[in-house]
Amino acid sequence: MRGGTSKGAYFLADHLPAEPALRDALLLRIMGSPDERQIDGLGGAHPLTSKVAVVSPSADPQADVDYLFLQVIVDKPEVSDRQNCGNILAGIGPFAVERGLVEAGQAQTSVRIRMVNTGDYATATFPTPGGRVRYTGDAEISGVPGTAAPVVIEFPPGAGPLLPTGAVRDEIDGVQVTCVDNGMPTVLIAASSLKVTGYETPAELEANEELTDRLRTIRLEAGRLMGLGDVSAATVPKLTLLAAPRDGGAVTTRTFIPVRCHTSIGVLGAASVAAGLRIEGSVGVELAELTPASDRIRIEHPTGFLDIESSLGATPEGWPSARRTAVVRTARKIFDGTVFPRSAETAPIPPQPQGGQR
């Protein structure tokens, strides 16, 4: 399925091995990793198209289904569960209805989703006329050709602090940053502080070795400050460079995963950026052009924009906290069938999960 601006393989949990090491070994073979082309599997040779969703009925009374996101590394025998994916999330509700995990309504259906990676929740609402998922519609999102049915995803406030370092700003390697987590641990950095404009293409930024070296240093220290431990083998936190808007949005972004530049921006990463821009004194506030009377923030990225509805409240101690976050995405079922993974005898064995992984 395509979910938002990503594409991945969606599985029922009971169709995969329960043991994580066996599951990951199978998924590497299914997706064709490690191989920079993923020529022998379903992967599309890019992090945005090498993703997996594992879905099951939820025992949590707050959710209908559990969603485990797995990032299959393209060129290494690694599978990571250390982050969520808000784009793949867009397909979870329709998939749950397609597979009979949730009964469809006659006009629309709302599916309550527990994101297993972090324990956060989301509710996806989408059209199901006559009790069947409708994928066609007039909703348009940047980075995806054509239009499709809207999937409205609303996120309740997260359980953790919006500012996980306990500060609005931190200084790392001589650079001012704001570390924010509104569903995705994200580090906000003014592009100019790293001697770039923030308007470069992803390829130009990735080719800038001085920049990528600085980003590696910043990410490792930010991970420690955010309580994530050693993130050298993880894909979080994300790093987002900010610049003034150019195309009528609130801010221009360039996001790195971890040092590859995203051709768009992830939903949860955008939710964190939007919340960060609402915090007085945060990095990027002086660059952003916000509409005071509106909760909607249009975030520009290399291939267009993403609209986030974001509002903040405050904790009893006076710290900013997320009040409401919602986004309109789309999803599409691409194919439904049987995959034939390559032989286990010829496939690399993935390393055992490191500390902090599930």
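Modeller: Let's start with a definition: a salt bridge is a side-chain nitrogen of Lys or Arg within 4 Å of a carboxyl oxygen of Asp or Glu. Keep in mind that this is a predicted model.

Colleague: Thanks! What makes Glu286 and Arg169 a salt bridge?

Modeller: Their side chains meet with N and O 3.6 Å apart. The cut-off is 4 Å, so the pair qualifies. The two residues come from distant parts of the chain, 117 residues apart: Glu286 sits in the loop between helix 6 and strand 14, and Arg169 in the loop between strand 8 and strand 9.

Colleague: Why is Glu286 called exposed?

Modeller: Its relative accessible area is 53%, and exposed means over 50%, so Glu286 passes. Arg169, at 34%, counts as partly exposed, because its value lies between 20% and 50%.

Colleague: How do you know that Asp24 and Arg23 form a salt bridge?

Modeller: Their closest N and O atoms are 2.9 Å apart, and that is within 4 Å, so the name fits.

Colleague: Are those two residues buried or exposed?

Modeller: Asp24 has a relative accessible area of 8% and Arg23 has 10%. Buried means under 20%, so both names are earned.

Colleague: Which residue pairs with Glu98?

Modeller: Lys333 does, with the closest N and O atoms 3.3 Å apart. Glu98 belongs to helix 3 and Lys333 to the segment after strand 17, so this pair links parts of the chain 235 residues apart.

Colleague: How many salt bridges does the rule give?

Modeller: The count comes to 14. Some share partners, joining Glu154, Arg296, Glu309 and Arg324 into one network.

Colleague: Let's turn to helix 5. How do you know that its length agrees with its number of residues?

Modeller: Helix 5 has 17 residues, and at 1.5 Å a residue they should span 24 Å. The end C-alpha atoms are 24 Å apart, so the two agree.

Colleague: Which residues of helix 5 are buried?

Modeller: They are Leu211, Thr212, Leu215, Ile218, Arg219, Ala222 and Gly223. These residues cover an arc of only 130 degrees around the axis, so they lie on the same side of helix 5. The face turned away from that buried side carries the exposed residues Glu209 and Glu210.

Colleague: What makes Asn208 a cap for helix 5?

Modeller: A side-chain oxygen of Asn208 lies 3.3 Å from the backbone nitrogen of Glu210, at the N-terminal end of the helix. A polar contact needs such atoms within 3.5 Å, so this pair meets the distance cut-off.

Terms used:
Residues are numbered from 1 along each chain as its sequence is written. This is a predicted model: local features need pLDDT of at least 70, side-chain atom pairs count only at pLDDT 80 or more; totals for chains, interfaces and linings use all residues. Side-chain values use heavy atoms; hydrogens and water are left out. Helices (H or I, at least four residues) and strands (E, at least two) are DSSP runs, numbered from the N terminus. The expected span of a helix is 1.5 Å times one less than its number of residues. Buried means under 20% relative accessible area, exposed over 50%, partly exposed in between (1.4 Å probe, protein chains only). The arc is that of the directions from the helix axis to the C-beta atoms. A polar contact is a pair of N or O atoms within 3.5 Å; within protein, one must be able to donate a hydrogen and the other to accept it, and residues adjacent in sequence count only if both atoms are side-chain atoms.
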